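Ready for some practice at reading a protein model? Work through each exercise yourself, then check the solution under it.

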Amino acid sequence: MTIKELENRWAKPGERVDDLQCRGHYIIQNKDIFCFGMDAVLLADFATGAPGRQVIDLGTGTGVIPLLMQARGKGAHFTGLEIQSYSADMAQRSVQMNGLEQEISILEGDMRNVRELFPAGSFGAVTCNPPYIKGNHGLENENSPKNIARHEILMELADVVKAAAYLLGEGGTFAMVHKPFRLTEIMRLMMEYHIEPKRMCMVQPYADKEPNMVLIEGNKGGRPMLKVEPALVVYNKDGSYTEQLLSRYGNV
């Protein structure tokens, strides 16, 4: 089907269908609600996942991370947990549009209530691209979907790590993308909930600029040893994408 035909069948007013350029997968998005960014794509590439086991993405939004990780074979089955009804509905329709109902499940729910939704230790890997901004001061409409996606309104960083620790089986991996200025808080919380940081990669917009993203992964119950991977530089001096970045996008 063409994108137009997919939109006619699966999209609602105001939505569009985008080609993920990843094994024929497409995704439904609405620019007035929220569209995924480079951080989600890089997390899907960075995360080890759990081949042959269950994987869950917390705050999945439009479901882009499960879609990309499924294409990479990083799990036997993926669950996307999303608190916002409209986003969960878009994600579910994207799964159906791609014919992946057996591989990906979308569940509307609150990550703060995971104990009511799943048995402890039922996943081999957890991923999350959470809101980066602490607090909601000065927001005109704190309940707008974009603000909920960007600000810690419905959850806090501690809620993410606590949920991941509960959901992971021993030795399972937790991977997250966030902002470097909160790295000490991230690592403290991971260790507090017995998720040992094992891998970290800084993302720089340009080679001569400081990092503006950090990718981090830990193992539940792991032994102390952190591997700091070479920094990922996004843009060349002329503004074009680096080969390093393009290889991450095309790593399927």
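Helices here are DSSP runs of H or I with at least four residues, and they are numbered from the N terminus. Keep in mind that this is a predicted model.

**Exercise 1. Find out how enclosed helix 3 is, and say what comes just after it.**

Step 1: Go through the helix and pick out the buried residues, meaning those under 20% relative accessible area. You should get Val64, Ile65, Pro66, Leu67, Leu68, Met69, Gln70 and Ala71.

Step 2: That makes eight of the eight residues, so helix 3 is largely enclosed by the rest of the structure.

Step 3: Now step past the end of the helix. Just after helix 3 sits glycine 73, with a positive phi of about 70°.

**Exercise 2. Describe how helix 2 and helix 3 pack.**

Step 1: Two packed helices are described by the angle between their axes and the distance between the axes. For helix 2 and helix 3, the angle is about 35° and the axes are 9 Å apart.

Step 2: Check the handedness: helix 2 passes helix 3 in a right-handed crossing.

Step 3: List who touches whom. Helix 2 brings Ala40, Val41, Leu43 and Ala44, while helix 3 brings Val64, Ile65, Leu68 and Met69.

Step 4: Sort those residues by type, and you get eight nonpolar, no polar and no charged.

**Exercise 3. Explore the largest nonpolar core and then the second one.**

Step 1: The largest core has 37 residues, and Leu42 and Leu215 have the most contacts inside it. Among the elements that give two or more residues to this core are helix 2 (38-46), helix 3 (64-71) and strand 9 (213-220). Helix 2 gives the most, with seven residues.

Step 2: Zoom in on leucine 215. Setting aside residues up to four places away in sequence, its partners include Leu42, Leu43, Phe46 and Met176.

Step 3: A second, separate core has 30 residues, including Ile56, Cys128, Val161 and Leu168. Take valine 161, which is in helix 7 (residues 157-167). This valine 161 is buried, with a relative accessible area of 0%.

Step 4: Leaving out neighbours within four places in sequence, valine 161 contacts Phe174, Leu189, Met190, Tyr193 and Ile195. Valine 161 and isoleucine 195 are 34 residues apart along the chain, yet their C-alpha atoms are separated by 8.5 Å.

**Exercise 4. Look at the phi of glutamine 21 and of histidine 194, and say whether each residue is buried or exposed.**

Step 1: Most residues other than glycine have a negative phi. Glutamine 21 has a positive phi of about 50°, and histidine 194 has a positive one near 65°.

Step 2: Place them. Glutamine 21 is in the loop between strand 1 (16-19) and strand 2 (26-29), and histidine 194 is in the loop between helix 8 (183-192) and strand 8.

Step 3: Exposed means over 50% relative accessible area. Glutamine 21 has 67%, so it is exposed; histidine 194, at 58%, counts as exposed too.

**Exercise 5. Classify two of the aromatic pairs in this structure.**

Step 1: A search of the whole structure finds three aromatic pairs.

Step 2: For phenylalanine 118 and phenylalanine 123, the ring centres are 5.3 Å apart and the planes are at 80°, so this pair is edge-to-face. Both phenylalanine 118 and phenylalanine 123 are buried.

Step 3: Tyrosine 235 and tyrosine 241 are stacked, at 5.4 Å centre to centre with 15° between the planes. Tyrosine 235 is partly exposed at 28%, and tyrosine 241 is partly exposed at 37%.

Step 4: Follow the ring pairs, and Tyr206, Tyr235 and Tyr241 link into a cluster.

Conventions: Residues are numbered from 1 along each chain as its sequence is written. This is a predicted model: local features need pLDDT of at least 70, side-chain atom pairs count only at pLDDT 80 or more; totals for chains, interfaces and linings use all residues. Side-chain values use heavy atoms; hydrogens and water are left out. A nonpolar core is a set of buried Ala, Val, Leu, Ile, Met, Phe, Trp, Tyr and Cys residues joined through side-chain atoms within 4.5 Å. Buried means under 20% relative accessible area, exposed over 50%, partly exposed in between (1.4 Å probe, protein chains only). Contact means heavy atoms within 4.5 Å. Axes are lines fitted to C-alpha atoms, for helices over the stretch in contact, and angles run from 0 to 180 degrees between N-to-C directions. A crossing is left-handed if the near helix is turned anticlockwise from the far one by less than a right angle, and right-handed if clockwise. Ala, Val, Leu, Ile, Met, Phe, Trp, Tyr, Cys and Pro count as nonpolar, Asp, Glu, Lys and Arg as charged, and the others, Gly among them, as polar. Rings of Phe, Tyr and Trp (its six-membered ring) pair if their centres lie within 6.5 Å; planes under 30 degrees apart count as stacked, over 60 as edge-to-face and the rest as tilted.
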